Amino acid sequence: MKIDWAALGSVFGVSLVITVGLVALFTLGVMGLSRQERATAAGGSAALAVTGAYACFAACAAAVAYGISLIVA
């Protein structure tokens, strides 16, 4: 049995980068929602923060759906 270490390293690297990116994107979404809550408590509006948060969550959902489609196909 021969292991292709270059391919294994490539898969590991890509999966690490994608995982960190998705976690960062989800974190930005949570931060946007928390800023909206702080702005509402202060009597202001944070429409841009909420829009950005929903866009981050939509991008996370799209990435997960794409990954599932790759697995199923």
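This note sets out numbered points on the fold, surface and selected residues of a predicted model.

1. Overall composition. The chain has two helices and zero strands. Helix 1 covers residues 5-41, and helix 2 covers residues 47-72. These two elements provide the frame of reference for the points below.

2. Overall dimensions. Along the principal axes, the C-alpha atoms occupy a box of roughly 65 × 25 × 15 Å. The radius of gyration of the chain is 18 Å, whereas a compact globule of 73 residues would have a value near 11 Å. A student may wish to view the model along each axis while reading these values.

3. Burial and exposed area. How much of the chain is buried? Buried residues account for 11% of the 73 residues. The exposed area of the chain is about 5600 Å², and 76% of that area comes from carbon and sulfur atoms.

4. The nonpolar patch. Four residues, M1, I3, W5 and L8, make a nonpolar surface patch of about 570 Å². M1 belongs to the segment that precedes helix 1, while W5 is located within helix 1. W5 is exposed, because its relative accessible area of 61% lies over the 50% cut-off.

5. The span of helix 1. W5 also serves to illustrate distance along the chain. From C-alpha to C-alpha, W5 and R35 are 45 Å apart in space, and 30 residues separate them in sequence.

6. The aromatic pair. The structure contains one aromatic pair. Its members are F26 and F57, with 5.2 Å between the ring centres and 55° between the planes, and the pair is classed as tilted. F26 belongs to helix 1 and F57 to helix 2, so the pair ties together parts of the chain that are 31 residues apart in sequence. Are these two rings buried or exposed? Each falls in the intermediate class: F26 is partly exposed at a relative accessible area of 45%, and F57 is partly exposed at 22%. The value for F57 is not under 20%, so F57 does not count as buried.

7. The cysteines. How many disulfides does the structure hold? A search of the whole structure finds zero. For C56, the nearest cysteine sulfur is that of C60, 6.9 Å away; for C60, it is that of C56, at 6.9 Å. Why is this pair not counted as a disulfide? A disulfide requires sulfur atoms within 2.5 Å, so a separation of 6.9 Å does not qualify. In general terms, a disulfide is a covalent bond between the sulfur atoms of two cysteines. C56 is buried, with a relative accessible area of 13%, and C60 is likewise buried, with a relative accessibility of 10%.

8. A buried glycine. G32 is situated in helix 1. With a relative accessibility of 9%, G32 counts as buried, because that value is under 20%. The C-alpha atoms of G32 and C60 are separated by 14 Å, and the two residues are 28 residues apart along the chain.

9. Points to retain. The reader should keep in mind the two helices, the tilted pair of F26 and F57, and the exposed W5 in the nonpolar patch. The buried residues discussed here include C56, C60 and G32.

Methods:
Residues numbered from 1 in each chain as written. Predicted model: local features only at pLDDT ≥ 70, side-chain atom pairs only at ≥ 80, totals over all residues. Heavy atoms only, no water. Patch = residues over 30% accessible without salt bridge, like charges linked within 9 Å, V, L, I, M, F, W, Y side chains within 5 Å. Areas by Shrake-Rupley, 256 points an atom, 1.4 Å probe, with all protein chains shown as cover. Salt bridge = Lys/Arg side-chain N within 4 Å of Asp/Glu carboxyl O. Helix = DSSP H or I, 4+ residues; strand = E, 2+ residues; numbered from the N terminus. Rg over C-alpha atoms; globule rule 2.2 N^0.38 Å. Buried < 20%, exposed > 50% of the residue type's maximum accessible area, 1.4 Å probe, protein only. Phe/Tyr/Trp six-rings, centres within 6.5 Å; stacked < 30°, edge-to-face > 60°.
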